[in-house]
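Here are some worked exercises on a protein model with a bound ligand. Grab a viewer and try each task before you read its solution.

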Amino acid sequence: PETITIQELANRMAERAVDVIKLLMQQGQMLKINDVIDADTAELIANELGHTVKRVSEADVEEGLYGEPDDPADLVPRPPVVTIMGHVDHGKTSLLDALRETNVVAGEAGGITQHIGAYQARTPSGDVITFIDTPGHAAFTSMRARGAKVTDIVVLVVAADDGVMPQTVEAINHARAANVPIIVAINKMDKPDADPGRVRNDLLRYEIVVESLGGETLEVEVSALKRMNLDKLLEAIHLQAEVLELKANPNRPAEGVVVEAKLDRGRGPVGTVLVQRGTLKVGDVLVCGAEWGKVRALIDDKGDNVDSAGPATPVEVLGLDGTPEAGDRFAVVDSEARAREIAAYRQRKKRERQHARGVGAKTSLEQMMS
Ligand code: GDP
Ligand code: MG
């Protein structure tokens with residue numbers, strides 16, 4: 001059921017909370033400023049105070065926020081979005097770093113890429129691949145739980161000297177549940193005790209049949225440490241992406257998902273977002289989870305300011321009024337008023353959920369003190 005706190009009801013009517021409390025008292029309800037009342041009571045009070053009430057449902061507020069499906073004629077190819085998963089210490093971070101550095105060396109003259117939680121690499125033939133550097137499986141799962149499908153392809157890293165381990169299996173299950181194809185990267189091939197055959201056989205138990213055993217799953221033997229076969233891995237990703245025929249419409253208001261977010265001392269709230277369709281531009285007004293903002297600057301994975309970011313491009317967004325959460329969706333809207341309305345609505349929903357869970361205890365104490 002819809003609820004609202006007395007404080008917020010008062011704020012919305014620009015009335016004093018104490019007057020709302022008095023009215024409630026006259027009706028036999030003894031309540032305090034942070035107590036919650038239901039929508040019917042709120043409407044009654046509002047009417048008593050001479051206000052007209054317009055109730056908005058979730059559907060009303062969110063309507064049209066995420067645009068209609070695109071006309072197939074407007075779709076153009078886009079880069080694949082790839083997540084690297086696997087058991088701890090099997091070399092996920094090393095592989096991501098190696099792929100990134102290989103690229104930096106090939107691209108800019110020794111420039112150091114900053115960490116924004118996602119970056120783009122190029123295959124030897126120049127095709128772009130977007131890597132998301134999710135901190136562990138948690139982010140992946142929570143994003144999926146929120147219905148945000150982010151990844152097109154999972155690269156499953158398995159150390160050749162260790163074989164399939166519990167988190168390898170977890171990763172396989174995640175990829176399956178999300179219906180995302182897997183490419184197997186058999187890592188640490190430089191080690192003397194590397195046994196890629198065992199990895200291939202282990203995987204059979206989980207119904208992953210790699211190409212060299214007559215199956216369809218692409219596999220590449222690599223060494224993140226020695227930078228061995230990284231180009232082959234990029235090519236395999238590109239090959240898999242071609243099969244998927246990934247497309248998006250770049251010519252529409254941007255939508256996408258937050259990959260990472262933080263409150264930066266100097267720059268304020270910073271969200272790393274992945275644009276999934278449309279093109280995000282400086283000056284755009286967007287809603288991002290329960291926050292909103294007017295894009296003040298966009299910064300790419302090389303640390304450069306850019307004017308816009310198209311589909312499958314990760315970019316840092318500056319100008320949000322608060323810090324969103326990883327997994328939040330964002331959408332560009334046509335006015336600040338609408339952005340504010342949606343954000344305010346979501347903030348309220350968020351508070352209600354916190355109240356319901358009882359984690360609001362500290363917050364309400366803070367509210368009482370302020
Ligand atoms: P993660 O936990 O999956 O992110 O694994 P890391 O990338 O942190 O790597 C774990 C350890 O394995 C580190 O000590 C790495 O230096 C080492 N490592 C990663 N890749 C290779 C490789 O290809 N060969 C060797 N010999 N060691 C590697
Ligand atoms: Mg790591």
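Before we start, a cut-off: a residue is called buried under 20% relative accessible area, exposed over 50%, and partly exposed in between. Also keep in mind that this is a predicted model.

**Exercise 1. Two residues with positive phi**

Task: Work out where E207 sits in the chain, and decide whether E207 is buried or exposed.

Solution:
- Step 1: find the place. E207 belongs to the loop between α8 (196–204) and β9 (219–221).
- Step 2: apply the cut-off. E207 has a relative accessible area of 67%, so this residue is exposed.
- Step 3: check the backbone. The phi of E207 is positive, about 60°, although E207 is not a glycine.
- Step 4: put that in context. Most residues other than glycine have a negative phi.

Task: Now do the job again for E245: which loop holds this residue, and is E245 buried or exposed?

Solution:
- Step 1: look between α9 (230–244) and β10 (247–248); the loop there holds E245.
- Step 2: the relative accessibility of E245 is 57%, so E245 counts as exposed.
- Step 3: E245, not a glycine, has a positive phi of about 50°.

**Exercise 2. The shell of ligand 1**

Task: Describe the surroundings of ligand 1: how many residues surround the ligand, and how do they split by class?

Solution:
- Step 1: count. Ligand 1 is surrounded by 15 residues, and the closest are D89, K92, T93, S94 and D190.
- Step 2: sort by class. The shell holds seven polar, five charged and three nonpolar residues.
- Step 3: ask which element gives the most. That is helix α5 (residues 92–106), with three residues.
- Step 4: go through some distances from ligand oxygens. An oxygen atom of ligand 1 lies 3.0 Å from an N or O atom in the side chain of K188. For the side chain of N187, the distance from a ligand oxygen to an N or O atom is 3.1 Å. With H90, the partner is a polar backbone atom, 3.4 Å from an oxygen of ligand 1.
- Step 5: get the coverage. On its own, ligand 1 has 580 Å² of accessible area, and the protein covers 73% of that.

**Exercise 3. β15 and its partners**

Task: Which strands pair with β15, and in what sense? Start with β14, then take β18 and β16.

Solution:
- Step 1: strand β14 (residues 285–288) pairs with β15 antiparallel, over four bridges. Here V287 stands opposite W292. Two residues lie between the strands of this hairpin, where G289 has a positive phi near 60°.
- Step 2: strand β18 (residues 314–320) is also antiparallel to β15, again over four bridges. I299 faces E316 of β18.
- Step 3: β16 runs antiparallel to β15, joined by two bridges. L298 has V306 as its bridge partner in β16. This hairpin has five residues between the strands, and G303 takes a positive phi near 90°.
- Step 4: check burial. Seven of the nine residues of β15 are buried.

**Exercise 4. D301**

Task: Is D301 buried or exposed, and what does its side chain reach?

Solution:
- Step 1: D301 is in the loop between β15 (291–299) and β16 (305–306).
- Step 2: its relative accessibility is 6%, so D301 counts as buried.
- Step 3: the D301 side chain comes to 2.6 Å from the backbone nitrogen of Q120.
- Step 4: D301 and K302 share a side-chain polar contact of 3.2 Å.

Definitions and conventions. Residues are numbered from 1 along each chain as its sequence is written. Chains are lettered from A and ligands numbered from 1 in the order in which they are written. This is a predicted model: local features need pLDDT of at least 70, side-chain atom pairs count only at pLDDT 80 or more; totals for chains, interfaces and linings use all residues. Side-chain values use heavy atoms; hydrogens and water are left out. A residue is near a molecule or strand if one of its heavy atoms lies within 4 Å of it. A polar contact is a pair of N or O atoms within 3.5 Å; within protein, one must be able to donate a hydrogen and the other to accept it, and residues adjacent in sequence count only if both atoms are side-chain atoms. Accessible areas come from the Shrake-Rupley method with a 1.4 Å probe; for residues, only the protein chains shown count as cover. Ala, Val, Leu, Ile, Met, Phe, Trp, Tyr, Cys and Pro count as nonpolar, Asp, Glu, Lys and Arg as charged, and the others, Gly among them, as polar. Buried means under 20% relative accessible area, exposed over 50%, partly exposed in between (1.4 Å probe, protein chains only). Two strands pair if DSSP finds at least two bridges between them.
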